[in-house]
Amino acid sequence: MILAIANQKGGVGKTTTAINLAAALALRNKDTLLVDLDPQANSSMSFVDLREIEKSVYDVFVNNVPLADVIKSTALPHLSVAPARIALAKLEARMTGELDAPFRLKDQLRTVADRFQHIVIDCPPALGLLTVNALVAATHLLIPIQSSYFALEGTDDLLETIEKVRQRPNPELRILGVVITMHDRRTALGRDIRAQIKKVFGDKVFRTVISKSVRLEESPAYRESIFTFAPDSSGATEYYSLCEEVMDRA
Ligand SMILES: Nc1ncnc2c1ncn2[C@@H]1O[C@H](COP(=O)(O)OP(=O)(O)OP(=O)(O)O)[C@@H](O)[C@H]1O
Ligand SMILES: [Mg+2]
């Protein structure tokens with residue numbers, strides 16, 4: 001499974017989901033690669049020391065460095081990371097006009113595919129070339145939607161991009177599911193938003209809902225996944241159960 005975690009809306013829980021889903025897969029002894037396509041490098045930071053990174057996914061895209069050369073192992077035995085660096089932000093400008101630009105990630109992932117059972121891609125909050133690379137390379141897409149009043153704003157654009165990618169470069173791309181994040185199940189608004197999301201995405205919405213949780217918010221600062229940082233928290237239980245649903249559906 002090559003799973004892209006995408007939503008062009010910022011701050012909806014893409015990185016938190018990518019980190020903890022990748023960790024959950026690794027904890028189930030699946031060799032997993034987390035590819036960080038976000039110039040802010042938040043998922044990389046959770047598992048590797050950025051000061052030790054010489055080459056990043058940027059060099060893979062722009063300087064033809066083999067992906068295998070940027071992959072780092074982590075403290076979790078079955079988890080590896082392909083880290084990002086701020087230079088990724090300049091990528092679009094460097095790659096415009098190159099005909100194979102949307103296919104670079106796909107081509108590079110092929111070269112390491114036999115080493116990993118699962119690949120999780122954390123996308124930036126935009127529908128630009130990086131996200132398109134992820135959608136072209138992916139077998140499946142997971143869309144995190146934040147439980148908020150404007151939850152569904154912008155999903156039309158995302159669905160349109162997915163359709164375009166399906167028409168040509170990647171007809172196999174499947175929406176694996178939509179996960180509701182930062183949910184507050186105690187409020188009427190929270191329940192209302194969940195119903196709204198279900199109306200639009202139907203049974204694509206995962207049964208598992210990720211609650212708003214201080215532990216989840218804190219864990220990246222301690223450079224840990226929720227499973228080692230707060231193994232008894234609701235966040236750990238929920239991401240573990242999301243992982244089970246993901247594996248059932250894939
Ligand atoms: N379930 C949660 N409960 C509380 N806080 C959360 C939860 N999930 C994520 N957060 C926090 O919300 C913020 C945004 O989350 P995250 O970075 O995962 O979103 P993102 O979609 O990757 O953002 P960006 O679009 O900027 O890449 C972060 O500070 C994160 O720690
Ligand atoms: Mg992010």
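These notes cover the ligand site, one buried histidine and one surface patch in a predicted model.

1. Ligand 1 has 18 residues around it, and those that come nearest are Lys14, Thr15, Thr16, Ser211 and Ser213.

2. Oxygen atoms of ligand 1 take part in several short polar pairings. A polar side-chain atom of Thr15 lies 2.8 Å from one such oxygen. For Asp38, an N or O atom of the side chain is 3.0 Å from an oxygen of the ligand. Val12 contributes through its backbone instead, with an N or O atom 3.0 Å from a ligand oxygen. Ligand 1 exposes 630 Å² when taken alone, and the protein buries 82% of that area.

3. His183 sits in the loop that links strand S7 (174-181) to helix H8 (188-201). His183 counts as buried because its relative accessible area is 4%, and the cut-off for buried is under 20%.

4. The side chain of His183 makes a polar contact of 2.9 Å with the side chain of Ser147. Beyond neighbours within four places in sequence, the contacts of His183 include Gly190, Arg191 and Arg194, as well as Val209, Ile210, Ser211 and Lys212. Of these, Ser211 is also one of the residues that come nearest to ligand 1.

5. Phe150 lies in the loop between strand S6 (140-146) and helix H7 (155-167). With a relative accessible area of 51%, Phe150 is classed as exposed, since the cut-off for that class is over 50%.

6. Phe150 joins Tyr149 and Leu189 in a nonpolar patch on the surface. Together the three residues have about 390 Å² of accessible area.

Definitions and conventions:
Residues numbered from 1 in each chain as written. Chains lettered and ligands numbered in written order. Predicted model: local features only at pLDDT ≥ 70, side-chain atom pairs only at ≥ 80, totals over all residues. Heavy atoms only, no water. Patch = residues over 30% accessible without salt bridge, like charges linked within 9 Å, V, L, I, M, F, W, Y side chains within 5 Å. Areas by Shrake-Rupley, 256 points an atom, 1.4 Å probe, with all protein chains shown as cover. Salt bridge = Lys/Arg side-chain N within 4 Å of Asp/Glu carboxyl O. Helix = DSSP H or I, 4+ residues; strand = E, 2+ residues; numbered from the N terminus. Buried < 20%, exposed > 50% of the residue type's maximum accessible area, 1.4 Å probe, protein only. Near = heavy atom within 4 Å. Polar contact = N/O pair within 3.5 Å; in protein donor to acceptor, adjacent residues only side chain to side chain. Contact = heavy atoms within 4.5 Å.
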